[in-house]
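User: I am new to this structure and would like a close look at one part of it. Please start with a single residue and its contacts, then connect that to the charged pairs and the unusual backbone spots.

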Amino acid sequence: MTQRGGVYRDRGVVLRTHRLGEADRIVVILTAEHGKIRAVAKGVRKTKSRFGSRLEPLSHVNLLLYHGRELDVVNQADTVESPRDLRDDLDRLTQGIALLEAIDQLTPDREPVPHLYRMLVGALRTLGTSASELVVPAFYWKLLAAEGVRPELDRCVRCAADGPLVAFDLDEGGVLCRGCRQGTGLSPAGLALLRQVLGGQLQAALSIPPSPATTEVALLATRAMEHHLERRLRAVALLERH
């Protein structure tokens, strides 16, 4: 990793931006090697900016940056993958923002998390090609698993009974049997789908048409992520309106 004070290259996904002065923008980027960074893109809000459109949320870019005292400086940005397909579809745009918000909340500044970067890039690619309503929920479940809070799905978290497993409790961290039941009800189909998502069968899960089970898993994913973050996700409110 490059020492502070020098020029360095990296690849990243733009998570969010803020205006700075009349022409500049602060860009928050999850990079492959340097973790989440905050950098100034100078002059990008001018109509003749060379790379302003490449530094919008969802953009996947190759970067040349300079280490600054408080904020780094973007010297160059080249598109790796264009998010045009996501931006041209309101539903997919909203889902993409939901992915970015969760990653932004989970990642500390300047702590390399290459596995989360790869997960985000993969999820955005999937979102660009899949119409499944499970893309964002599945990403949330996998993020939680990567954070070390993978739910227990094989036996009751309280008494270790194998079943029947009929509920999911966020505080307990997994499924509960009929005798220990509390939290949110979970159908056999919902449990099977959740096991697919977290058991290496994601493509099979994404191919399932919308059903009560997909809705169940999606709502539970949002609640689980918000429970872990201890805050509401703003993008979820936008998703619920569509």
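Analyst: Beyond its neighbours within four places in sequence, Ala 213 is in contact with Ala 189, Gly 190 and Leu 193 in this predicted model. Ala 213 belongs to helix α7, which covers residues 212–229. With a relative accessibility of 10%, Ala 213 is buried, because anything under 20% counts as such. One of its contact partners, Leu 193, is 20 residues away along the chain, and the C-alpha atoms of the two are separated by 7.2 Å.

Helix α7 also leads to a charged pair. In the loop between α7 and α8 (234–240) sits Arg 231, while Glu 101 is in helix α2, so their pairing ties together parts that are 130 residues apart in sequence. The pair is a salt bridge between the two side chains, at 3.4 Å from N to O. Its two ends have different cover: Glu 101 is buried at 9% relative accessible area, whereas Arg 231 is partly exposed at 26%.

Side chains of opposite charge can pair when their charged atoms come close. The structure holds 13 salt bridges, and two others are described here. Lys 36 forms one with Asp 109, where the closest N and O atoms are 3.9 Å apart. This pair links distant parts of the chain, since Lys 36 is in strand β3 and Asp 109 is in the loop between α2 and α3 (114–129), 73 residues apart. Lys 36 is buried, with a relative accessibility of 4%. Asp 109 is partly exposed, at 39%. Both residues also belong to a network in which salt bridges with shared partners join Arg 16, Lys 36, Arg 38, Asp 104 and Asp 109.

The other pair is Arg 125 with Glu 81, whose side chains meet in a salt bridge of 2.8 Å, N to O. Arg 125 is in helix α3 and Glu 81 is in strand β5 (residues 72–81), so the bridge ties together parts that are 44 residues apart in sequence. Both ends are partly exposed: Arg 125 has a relative accessible area of 46%, and Glu 81 has 28%.

Other charged residues form a patch. Asp 85, Asp 88, Asp 89 and Asp 91 make up a negative patch on the surface. One of these, Asp 88, is placed in the loop between α1 (84–87) and α2 (90–106). Asp 88 is exposed, at 62% relative accessibility, because the cut-off for that class is over 50%.

The last topic is the backbone. Most residues other than glycine have a negative phi, and most peptide bonds are trans. Leu 58 is not a glycine, yet has a positive phi of about 85°. Leu 58 lies in the loop between β3 (35–41) and β4 (60–66), and is buried at 3% relative accessibility. Ala 160 also has a positive phi, near 70°, in a residue other than glycine. Ala 160 is found in the loop between α4 and β6 and is partly exposed, with a relative accessible area of 45%. Pro 164 is in the loop between α4 (135–146) and β6 (165–169). The peptide bond that joins Gly 163 and Pro 164 is cis, with omega at about 0°.

Note on methods:
Residues numbered from 1 in each chain as written. Predicted model: local features only at pLDDT ≥ 70, side-chain atom pairs only at ≥ 80, totals over all residues. Heavy atoms only, no water. Helix = DSSP H or I, 4+ residues; strand = E, 2+ residues; numbered from the N terminus. Buried < 20%, exposed > 50% of the residue type's maximum accessible area, 1.4 Å probe, protein only. Patch = residues over 30% accessible without salt bridge, like charges linked within 9 Å, V, L, I, M, F, W, Y side chains within 5 Å. Areas by Shrake-Rupley, 256 points an atom, 1.4 Å probe, with all protein chains shown as cover. Salt bridge = Lys/Arg side-chain N within 4 Å of Asp/Glu carboxyl O. Lys, Arg positive; Asp, Glu negative; His and termini not counted. Charge placed at Lys NZ, Arg CZ, Asp CG, Glu CD. Contact = heavy atoms within 4.5 Å.
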